[in-house]
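Thanks, everyone, for making the time this morning. I would like to walk through one model with you, so please have the sequence and the structure open as I talk.

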Amino acid sequence: FRGQMQTIITKALTDMEIKAVPSRRCFTIMSWLDERLETVYSKDPRFNDKSLSLFNLDLGAPEPLPDALRGEKWAFVQL
């Protein structure tokens, strides 16, 4: 989950007695998108076969941040 949403998702699922497990394995969502691609998007006159590569995006495993990017302090600023 995104960091900003993790608390909200965890709270909502805890209320329903479901354990939240962060994962990139969204098989159901991907199958829904594939089904929608076949039944809806491909029938649209503006559909382009070359745009299909977006559904095959592989981000790989998450990697830890380098120490130079890790924030050790917070500051309030005004622009």
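Gln-6 is partly exposed, with a relative accessible area of 37%, and I should say at once that this value, like everything else I will mention, is computed from a predicted model. The residue sits in helix H1, and if you look from there towards Pro-22, you will find that the two are 16 residues apart in sequence, while their C-alpha atoms are 8.5 Å apart in space.

Staying with helix H1, let me turn to Lys-11, which forms a salt bridge with Asp-15, the closest N and O atoms being 3.1 Å apart. Both of these residues belong to helix H1, and they are four residues apart, which is about one turn of the helix. How exposed are the two partners, Lys-11 and Asp-15? Lys-11 has a relative accessible area of 51% and counts as exposed because the cut-off for that word is over 50%, and Asp-15, at 54%, is exposed as well.

Moving along the chain, we come to Glu-17, which is placed in the loop between helix H1, residues 3-15, and helix H2, residues 27-39. What I would ask you to look at here is the backbone, since phi of Glu-17 is near 60 degrees, a positive value in a residue other than glycine. As for its surroundings, Glu-17 is exposed, with a relative accessible area of 76%.

How many salt bridges does the structure hold? There are two, and having shown you the pair in helix H1, I will now go to the other pair, in which the side chains of Arg-46 and Asp-44 meet with a distance of 3.1 Å, N to O. In this pair Arg-46 counts as exposed, at 72% relative accessibility, whereas Asp-44 is partly exposed, with a relative accessible area of 27%.

Let me finish with the protein as a whole. It has two helices and zero strands, and of its 79 residues, buried ones make up 1%, where buried stands for a relative accessible area under 20%. The accessible surface of the protein comes to about 8,300 Å², and carbon and sulfur atoms account for 59% of that surface. With that, I am happy to go back to any of these places while the model is still on the screen.

Terms used
Residues numbered from 1 in each chain as written. Predicted model: local features only at pLDDT ≥ 70, side-chain atom pairs only at ≥ 80, totals over all residues. Heavy atoms only, no water. Buried < 20%, exposed > 50% of the residue type's maximum accessible area, 1.4 Å probe, protein only. Salt bridge = Lys/Arg side-chain N within 4 Å of Asp/Glu carboxyl O. Areas by Shrake-Rupley, 256 points an atom, 1.4 Å probe, with all protein chains shown as cover.
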